[in-house]
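Here are my notes on the side-chain contacts and helix packing, set out as numbered points for you to go through with the coordinates open.

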Amino acid sequence: MRTFLLFPIIALLMLACNNEKEHDNVGRVKGKGDFMYGGTFRYNEPDKLQTLYPPAITDAISSHVASQVYEGLVKFNPRTMQVVGGIAESWKVDSTGTIYTFSLRKNVRFQKDACFPGGEGRMLAAGDVKYSLELLCKNDGANANFESTFKNRIVGANKFFEAGAAAQPGSLEGVRIIDPHTVEIRLENPGVSFLFILANVSASIVPKEAVEKYGNKMHVGSGPFMLAEIAGDTSSLVLVRNPGYYRIDSLGNTLPFLDSIRISFVNNKQEEIDLFEKDMLDFVYGLSSEAVKEYVPRVIADFEQKPPIKKLGHSAEFVTQFYGFNTTRPPFDNVKVRQAFSYAIDRNRIVEEVLGGEAYSPGNYGITPPALTDYKVNEISGYEQNKEADRKRAKRLLAEAGYPNGKGFPPVRLVVNRGGTRNAAVADEFRNQLSSILNVNVEISIVSFKQKLDDERYARTDMFRSAWNADYPSPESFLSLFYGDAVPDSITQPAFRNTTRYNNPEFDRLFDLGRKAATKEEAYRFFSQAEQLMMKDAPVIILWYEENYWLMQARVKNFHTNQLRFLDFSQVYIGEEIPRKSGDTASQKRQENSAVKDDDENDAY
């Protein structure tokens with residue numbers, strides 16, 4: 001691993017080791033209004049990131065980090081989830097809905113790095129936009145997002161991809177440089193999700209110099225924070241303030257406020273909570289309701305105090321947990337076997353007894369979670385399995401597939417990644433239910449997250465644990481997991497998104513019609529039909545929809561959670577310490593009101 005001297009190593013070591021000094025006010029600078037510069041925001045991820053190369057990012061953890069380092073033409077407002085300007089100051093769409101013209105900001109500079117002459121980052125221009133969008137159309141083995149982004153969307157994208165190594169730089173027909181600060185993008189058809197696609201981290205704008213110097217190990221962008229690495233350190237990751245970031249807030253404060261962000265990688269929730277309680281973390285997300293019930297009473301005074309020292313929040317999310325089938329080989333190339341497994345699973349039992357009620361049971365819905373309230377998920381028929389009739393149906397389907405009462409059914413392997421105790425506990429309950437109802441044997445392999453991804457992508461296992469955190473608020477993001485065009489021609493090639501390798505031409509037709517629809521209403525109608533067809537074919541077993549309990553130190557200001565788990569630290573700041581008061585007897589109602597309050601400060605969007 002390379003060492004990047006973004007600031008002196010001694011300073012990095014002091015930052016990593018002296019937790020007690022990270023939030024004191026010595027040396028802090030007051031901005032306009034109540035904003036404060038300085039300090040470190042500390043939070044934890046359950047698994048290590050996989051890559052920071054935008055075209056290769058497919059996991060949420062890598063996306064969380066990369067979203068701080070890079071920016072695209074547009075981005076999400078973390079509070080409203082609306083698309084707002086990023087590198088593009090403004091844009092317009094022609095009357096056909098197929099030609100987008102973006103006007104770029106003239107003050108965006110790439111971060112300092114050795115790839116530039118003298119180590120100084122240069123100004124970003126229209127040529128960088130075209131270069132970066134071509135990276136997402138490049139067929140080079142590192143690009144994992146072409147099918148879900150620009151395939152069948154941007155004019156000439158398919159041709160550019162099919163050319164492989166022969167594709168000429170600058171030859172992507174549908175992206176045209178008008179002048180150094182204006183870029184035109186032409187689409188094959190209108191699409192209501194195109195701006196969402198551009199807001200995804202995979203569409204970040206990167207400098208050619210960094211890609212040529214570092215390849216897919218690069219991490220140079222124009223975002224508010226820069227990556228600092230210490231050679232050999234794999235227990236944490238440090239991001240530091242980009243002093244050349246272009247954005248200012250409405251009061252005229254230059255952003256970001258934080259000096260740094262420190263991310264640890266601990267895959268044990270109880271250990272995470274302990275670190276939070278010891279004031280060694282500022283934010284913890286993904287908590288179960290049971291963990292919250294156990295933790296909050298211990299420190300109830302910190303929540304009840306006015307102002308509170310700690311905050312608690314809760315919301316449904318655009319996240320679905322599921323098990324995927326390898327549909328390329330027996331026994332799961334048989335739709336009746338897949339349906340039998342789906343009918344046999346009691347999801348309510350998993351949610352209530354294994355997860356402690358921390359999630360939403362899918363009931364009779366599909367893969368799109370009900371948190372997406374403008375999409376009629378209740379019109380999708382899934383696999384409810386809370387009735388005796390469903391168990392009988394599961395047994396009948398397995399018998400029709402040639403395995404009466406499980407006779408002759410081969411042992412199958414389920415791969416799950418380590419994630420505290422939750423993944424293993426769910427897998428164990430899953431195995432027990434199938435053994436009891438269908439008399440089949442499921443072998444469980446618990447591996448690292450990277451190994452799980454490799455086994456899943458290369459179809460090396462029968463079943464795999466997976467989850468999808470939506471890239472944007474649309475059923476299209478979930479349904480893209482089943483698009484047949486994303487399936488490689490050979491089993492020796494990795495499948496980055498459609499890892500079940502599900503292939504149904506009618507699903508693809510409906511999905512394409514939804515992507516090309518001119519209105520959201522029309523798109524949703526086609527997506528609903530596609531989702532219903534996919535659920536009938538059952539390439540996955542929907543397990544539950546995520547809901548998120550989170551804890552935050554109240555000194556953290558201007559941090560917004562959202563259903564996409566999109567993290568934006570560009571306007572987060574650390575306020576002054578809140579002293580504990582003795583004998584505070586604030587009411588529970590005040591606790592609830594203060595715990596869920598969000599800071600709607602003078603943001604820059």
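1. In this predicted model, E272 counts as buried because its relative accessibility is 1%, which falls under the 20% limit used for that class. Its salt-bridge partner is K269, with a nitrogen-to-oxygen separation of 2.8 Å, and K269 counts as partly exposed at 29% relative accessibility. The two residues belong to helix α8 (residues 269-277), and because they are three residues apart there, about one helical turn separates them.

2. K269 should also be looked at for a second contact, since its charged end sits over the ring of Y285, at 5.5 Å from the ring centre. Y285 in turn is part of a cluster in which ring pairs link F41, Y43, F283, Y285, W550, F559 and F569. A further charge-over-ring arrangement is found at R525, which lies over the face of F526 at 5.2 Å from the ring centre.

3. As background to the charged contacts, side chains of opposite charge can pair when their charged atoms come close. The search of the whole structure returns 35 salt bridges, and one of them joins K310 and D302 at 3.0 Å, N to O; both of these residues are buried.

4. Which parts of the chain does the salt bridge between R422 and E546 tie together? The side chains of R422 and E546 meet at 3.0 Å, N to O. R422 is in helix α14 (residues 422-438), whereas E546 is in strand β19 (residues 540-553), so the pair ties together parts that are 124 residues apart in sequence. As to accessibility, R422 is partly exposed, with a relative accessible area of 22%, while E546 counts as buried at 5%.

5. Salt bridges also occur as a network, and the residues linked in this way are R42, D279, D282, R555 and E577.

6. Turning to the rings, the search of the whole structure gives 39 aromatic pairs. F76 and F566 form an edge-to-face pair, with 6.0 Å from centre to centre and 65° between the planes. This pair links distant parts of the chain, given that F76 is in strand β4 (residues 74-76) and F566 is in the loop between β20 (556-557) and β21 (573-574), 490 residues apart. Both F76 and F566 are buried.

7. The aromatic pair of F341 and F409 is classed as tilted, with 5.8 Å centre to centre and 35° between the planes. F341 lies in helix α11 (residues 335-344) and F409 in the loop between α13 (388-400) and β16 (412-417), so that parts 68 residues apart in sequence are tied together by the pair. F341 is buried, with a relative accessible area of 0%, and F409 is buried as well, with a value of 10%.

8. For the last point, it helps to recall that two packed helices are described by the angle between their axes and the distance between the axes. The axes of α11 and α14 come within 10 Å and cross at roughly 105°, and these helices are therefore roughly perpendicular to each other. On the α11 side the contact is made by A340, F341 and A344, and on the α14 side by F430, Q433, L434, I437 and L438. F341 thus appears both in this helix contact and in the tilted ring pair with F409, and α14 is also the helix in which R422 lies.

Technical notes. Residues numbered from 1 in each chain as written. Predicted model: local features only at pLDDT ≥ 70, side-chain atom pairs only at ≥ 80, totals over all residues. Heavy atoms only, no water. Salt bridge = Lys/Arg side-chain N within 4 Å of Asp/Glu carboxyl O. Helix = DSSP H or I, 4+ residues; strand = E, 2+ residues; numbered from the N terminus. Buried < 20%, exposed > 50% of the residue type's maximum accessible area, 1.4 Å probe, protein only. Phe/Tyr/Trp six-rings, centres within 6.5 Å; stacked < 30°, edge-to-face > 60°. Lys NZ or Arg CZ within 6 Å of the ring centre and 35° of its normal. Axes fitted to C-alpha atoms, helices over the stretch in contact; angles between N-to-C directions. Parallel < 35°, antiparallel > 145°, perpendicular 65-115°, else oblique. Contact = heavy atoms within 4.5 Å.
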